[in-house]
Amino acid sequence: MPLAANRLGNRLLEALAPQDWQHWCALLTHVELPRREVLYESGASIAHAYFPTTALVSLEYVTDSGGTAEIALVGPEGVVGVPLFMGAGSTLGRAVVQIGGHAFRMPAASIRNEFERSPAVMNLLLRYTQALITHMAQTAVCNRHHPIDQQLCRWLLLGQDRQPGNELSVTQEQIAQMLGVRREGVTEAALALQAAGLIRYHRGHIAVLDRAGLERRCCECYGVVRREFDRLLPQAAAR
């Protein structure tokens, strides 16, 4: 499918005005992102911005001892590489593909130029950045104050929002790493959710069976993040 007809799948690209989208078509490349691919490392220069369509990418903080914890999850609602248009070419965190899929990729210099060229693009990317900051802040609050089962509920709901269908291809090991907790804690929480009929877990696949029940069991953090993204990001521009 020609690129000009195939921006569906990423909320930011869909929100571009037609004239901006036509300009972006020459700058974007459609790419496949395999699971566990590192898009950028802590402290290293960021070469590209990525607009996921079906992939899910974790923004992680890496400690001096090598421990990691997810600070945000980026999917088809957003862009990986915010530091590029916020005045920095690197960041203390890293970006890792948690669920493989597809994305659009733009060179670092191009997204900086587009940010400065178009006031509409600048406004859209700044509003997305504000939502992302809320996501990061709420993740920190959740990981500090809420039990693992509620953290797991939050992650599953955010993940399902960013994936088609009701199933996520993710292991308990991955989830434990993203939440910064022991795998045994995730296993216990997943078994409790499964016993309650909210999810089904089998060999690296988690299916959400009762979304409304999962939302009731979750802490307020999921709702805060979702409302902020809905408030700040527009629907797709008319085409």
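These legends go with several close-up views of a predicted model. Residues are numbered from 1 along each chain as its sequence is written, and side-chain values use heavy atoms, with hydrogens and water left out. Because the model is predicted, local features need pLDDT of at least 70 and side-chain atom pairs count only at pLDDT 80 or more, while totals for chains, interfaces and linings use all residues.

**View 1. The largest nonpolar core, with 73 residues.** A nonpolar core here is a set of buried Ala, Val, Leu, Ile, Met, Phe, Trp, Tyr and Cys residues joined through side-chain atoms within 4.5 Å. Buried means under 20% relative accessible area, exposed is over 50%, and partly exposed is in between (1.4 Å probe, protein chains only). Look for Trp 24, Phe 51, Val 80, Tyr 128, Leu 156 and Leu 214, the residues with the most contacts inside this core. Helix 5 (residues 119–145) gives the most to it, with 7 residues. Helices (H or I, at least four residues) and strands (E, at least two) are DSSP runs, numbered from the N terminus. As background, nonpolar side chains in soluble globular proteins tend to be buried together.

**View 2. Val 74 and Val 80, two residues in contact.** Contact just means heavy atoms within 4.5 Å. Val 74 sits in strand 5 (residues 68–74) and is buried, at 0% relative accessible area. Beyond four places in sequence, Val 74 touches Pro 52, Ala 55, Leu 56, Val 57, Leu 59, Val 79, Val 80, Tyr 128 and Leu 132. Val 74 and Ala 55 are 19 residues apart in sequence, with 8.5 Å from C-alpha to C-alpha. With the same four-place neighbours set aside, the contacts of Val 80 include Leu 39, Tyr 40, His 48, Ala 49 and Tyr 50.

**View 3. Helix 4 packing on helix 5.** Helix 4 (residues 108–117) meets helix 5 at about 110°, with the axes 5 Å apart. So the two count as roughly perpendicular; that label covers 65 to 115 degrees, with under 35 roughly parallel, over 145 roughly antiparallel and the rest oblique. The axes are lines fitted to C-alpha atoms, for helices over the stretch in contact, and angles run from 0 to 180 degrees between N-to-C directions. On the helix 4 side you'll find Ile 111, Glu 114, Phe 115, Glu 116 and Arg 117, facing Pro 119, Val 121, Met 122, Leu 125 and Leu 126 of helix 5.

**View 4. Cysteines without a disulfide.** Searching the whole structure turns up 0 disulfides, a disulfide being a pair of cysteine sulfur atoms within 2.5 Å. Cys 153 has its closest cysteine sulfur in Cys 218, but at 5.5 Å that is too far for a bond. Cys 153 is buried at 0% relative accessibility, and Cys 25 is buried too, at 17%. Also worth a look is Gln 150 in helix 6 (residues 148–161), which touches Arg 217, Cys 218 and Cys 219, not counting residues up to four places away in sequence. Gln 150 is buried, at 19%.

**View 5. Two arginines with positive phi.** Most residues other than glycine have a negative phi. Arg 36, in the loop between strand 1 (29–33) and strand 2 (38–40), has a phi near 75° and is partly exposed at 32%. Arg 203 has a phi of about 50°; this arginine lies in the loop between strand 9 (199–202) and strand 10 (205–208) and is exposed, at 72%.
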